[in-house]
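Here is a friendly briefing to read alongside the coordinates. It goes from one chain to the contacts between chains, and then to some local backbone details.

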Amino acid sequence: MRRITRLGRSIDLLRARAAAQTPSPYLCSACQLQATSFSTTSIRAARNNGKVPFTEKIRQRIWGTDKPPGLEDPYGDRSVFDRTKKRAKVEEAEEREDQLEEAKPTPDLSTYEPASTWDGLEKVGGFGNWWKENWDPDHQFRGFLPAEVIKDSDEVTAALHRAIVEVFALQQVGMPPKDISAAIPGVDLTHEVQISPTATGATLQFSQKASLEQVIQSLTPAVDDETTVKENPTESEEDVAADRSTIDPLHPSSPEVEVDETAEKGNPTESEEDVAADRSTVDPLSGSTQMTYGELVASWDPSWLQISLENPEIKFAIVKRTMQLTGLRIPDAAIMPAKTVKGLLAHLVKPPKPRKLVDALQQKEELMNIPNVSIYAKRVTPIDKHKSVGRWKVIEQRLTERGLPVTGHEGQSHAYGDYR
Amino acid sequence: MLSRSLRRSILDTRIPSSALPPTFLLPSRARYFNSTPQHVESPPDSFSPSTPASSPISEAPSQLPKHTQLRLSKIPTPPTPPPNPLVLSAPLKDLLPLLAVQPSHYIRAHIHGKPYLATVGDTVRLPFHMPGVVPGDVLRLNRASLLGSRDYTLKGAPWVDERVFECRARVLGTEAEPMRSKVKTKRRNRRVKTVRSKHKYTILRVSELRVKGLEEIEG
Amino acid sequence: MTVRGLKKVTVSQNGVGAFILQCHKLSFHYCDWAGSSRGMNSFLRNSLQRFAVANPQIEIEVSPRPRRHPVIIGHYIGGRQKAICVRNLQKEQIMQKAELLRDASGEKLKRVTKPVKSINESVRGVWSPYYGGGITV
């Protein structure tokens, strides 16, 4: 095999260069080779210490002179970052000057006594009021969904019905349906509202108890619309309006509706408590008919289930409101395929999965109707078999005649006792 | 070839209605449940009597692509009517009525080439599991080498013509033997291998055996 | 006067006239909780209906048997029973077992060496040396 010559190796090339760079006449060549520190950094990098940047060098090359025309640094000095940096420097300097100026009148330190305890000293650092503001029990976080989830299927159906009524009421008035959740859900006014599907959406038939205005009013957050309230004040509306007048100073004529929703929730003011009290008084009035949710759902014309949800805006609003009312989370996978209200409802009131096989089998009517199949919910015991042929009565009678236990072994202990 | 023709002929649906049990006992529905393709039967009545003797079914597969042909060949067809009426020799014409009127008959029927000497009411345990049959099915045995009574015997050369007699068997069920286990050892080796085998066998019962009369054969 | 027994003319044999399936009842036992019943539960859910419709002459009884392995028990005419434990089997395998019980006669499995079994008298009678003209000595 041929040997590779020493200089042929790449590392030797580097060495040779390094040696060439720092020639020392007082060392023999072998020592030079050994002693020079081995470094892989390029020679060019070493030369950069001469404060001539690389770009500058290139420019010098291109122009052929030591002082090329143009910017000193073609890639700097123009960018936003550089300018802000400069400005920051200037500002910093100014601040320092200000501080110096302030610090000039030195306080009189003759009466100064170092504190022996920390009482009365100013606290520096720490979290400040952060914990108070964020974790105080007064400032509980309240999510969009209510904490209590409605489980009852009729109640959920009623909530969906309410959501639809409210959304279409908003649409009827001409307000954007996405504002549906602006107000905290209050009393359900929509119990007696009938919905019937049309080609474009649905028409609402309001009853005496709940007019369109009332529904809309219950939907609008308690800030604006003073004018509309004043137009046709009914008794109940006046009550609400009275409430509002106390609320209004808190939110002085802010046009934005949804801004302070959470903040309002955060610290229940007096006025809100009033509203709550108001509601509680309203509740027994509305509940005077005392209908169960099942009857309520049955009282509606079933055609409302056929309402189309093709319009994504309407669909979004309905889903949003339903989630707010029920606390149920509706996944995308359920929202997407729902074309009508019926499809959405089918997801909301899904019957629970049967826990036992018997329940599952008894739901299958075809199987239960086959004459040669009999399904038992419990184990078929020998007694059951005797009973099925009518023999058990006789057995029981004979056993009791002889004083023997009919089932189990409780009599046997006495029998054994005799032998003792 | 033999087995295919046998199977085709064995599944005869022309059962006299008197021999049939009441419909609720018929396992005909159970047959559809067994999803074997072999039992797709078409009733023989569906063929119009005017069709030529060489039935269209035997011709049809030749026009089909090969894989379909293979699949079709598995489907049993009703036995094709023989091309021309059976011509009996003079001594047979004399003796066949005598055989027919004898009180009891026996038959040496062949299934898959194996002979089974049986009379009416005998159970035949086939040495195999017949696929696609369920208890209650009726098979027609058409391959016989011997047909006889106390005084007369009709010998086939090698088979008795299937138009001379009618023999039917009913599938009773499937049975098995107790599991056989065979211990296998090699010399100078501790290893012991136990081979187990348990096979299923189809049980038939010969339900009908009849020698046809002369008019029935010729007319 | 001597007492004479009546001679039995015919013996009824299943399948010669009518045919009655020997298996008259199948009882399926399962457990809701145990994992060995998973296949059985799936069978009862999905395949039992087909099986029951296809075999109307078999009475089918489904009952739980908690904390036990799943079992199919076949009840046969004549009072015999056959039980097959179907623990950890898939529903297709359970279907095969159910069909096995349906097709069985209920008798104990026996080794059979002769294929044809008959209770009839010999058709050709007992052989005699005088047949065929006899032998002249």
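This is a predicted model. A good place to start is chain C, which touches chain B through a contact of 34 residues from chain B and 28 residues from chain C. Chain C also meets chain A, in a contact with 19 residues from chain C and 15 residues from chain A. A five-stranded open sheet has strands from both chain A and chain C.

**Chain C on its own**

- Chain C holds three helices and five strands.
- Read from the N terminus, its elements follow the order β-α-α-β-β-β-α-β.
- Of its 137 residues, 28% count as buried.
- For contacts in chain C between residues at least 6 apart in sequence, 74% connect residues at least 24 apart.

**Where chain C meets chain A**

- The contact takes 19 residues from chain C and 15 residues from chain A.
- On the chain C side, helix H1 (38–46), helix H2 (48–54) and S2 each supply at least two residues.
- S2(C) gives the most to this side, with six residues.
- By class, the chain C side divides into 11 nonpolar, three polar and five charged residues.

**The sheet across chains A and C**

- Strands of a sheet pair through backbone hydrogen bonds, in either the parallel or the antiparallel sense.
- Strand S3 (residues 373–375) of chain A pairs with S2(C) in the parallel sense, over three bridges.
- Within this pairing, A:Val373 stands opposite C:Ile60, and A:Ile375 has C:Val62 as its bridge partner.
- The open sheet of five strands runs in the order S3(A)-S2(C)-S1(C)-S3(C)-S4(C), and its pairing is mixed.
- Its edge strands are S3 of chain A and strand S4 (81–85) of chain C, each of which pairs on one side only.
- From one strand to the next, the twist averages 15°.

**Where chain B meets chain C**

- Here 34 residues of chain B come together with 28 residues of chain C.
- Several elements of chain B each supply at least two residues to its side of the contact: helix H2 (28–33), S1, S2, strand S3 (123–125), strand S7 (165–176) and strand S10 (200–211).
- The largest share of the chain B side, six residues, comes from S7(B).
- Sorted by class, the chain B side has 16 nonpolar, 10 polar and eight charged residues.
- Strands pair across this contact too: S3(B) and strand S5 (residues 116–117) of chain C are antiparallel, over two bridges.
- B:Thr123 stands opposite C:Lys117 in S5(C).

**A helix pair in chain A**

- Helix H7 (residues 153–173) and helix H8 (residues 212–219) of chain A pack at an angle of about 105°, with their axes 10 Å apart.
- Angles of 65 to 115 degrees count as roughly perpendicular, and H7(A) and H8(A) are therefore roughly perpendicular to each other.
- From H7(A), the residues in the contact are A:Val165, A:Glu166, A:Ala169, A:Leu170, A:Gln172 and A:Val173.
- They meet A:Leu212, A:Val215, A:Ile216 and A:Leu219 in H8(A).
- The residues of this helix contact divide into eight nonpolar, one polar and one charged.

**Backbone details to look at**

- Most residues other than glycine have a negative phi, and most peptide bonds are trans.
- B:His112 is not a glycine, yet has a positive phi of about 50°.
- B:His112 sits in the loop between strand S1 (105–111) and strand S2 (114–118) of chain B.
- Is B:His112 buried, exposed or partly exposed? B:His112 is partly exposed, because 13 other C-beta atoms lie within 10 Å, while the exposed class stops at 12 or fewer and the buried class starts at 20 or more.
- C:Arg67 also has a positive phi, of about 65°, although it is not a glycine.
- The loop that holds C:Arg67 lies between strand S2 (59–64) and strand S3 (71–76) of chain C.
- C:Arg67 counts as exposed because it has 8 other C-beta atoms within 10 Å.
- The peptide bond from B:Ala157 to B:Pro158 is cis, with omega near -5°.
- B:Pro158 belongs to strand S6 (residues 153–160) of chain B.

Terms used: Residues numbered from 1 in each chain as written. Chains lettered and ligands numbered in written order. Predicted model: local features only at pLDDT ≥ 70, side-chain atom pairs only at ≥ 80, totals over all residues. Helix = DSSP H or I, 4+ residues; strand = E, 2+ residues; numbered from the N terminus. Contact = placed C-beta atoms within 7 Å. Nonpolar A, V, L, I, M, F, W, Y, C, P; charged D, E, K, R; others polar. Pairing = 2+ DSSP bridges. Axes fitted to C-alpha atoms, helices over the stretch in contact; angles between N-to-C directions. Parallel < 35°, antiparallel > 145°, perpendicular 65-115°, else oblique.
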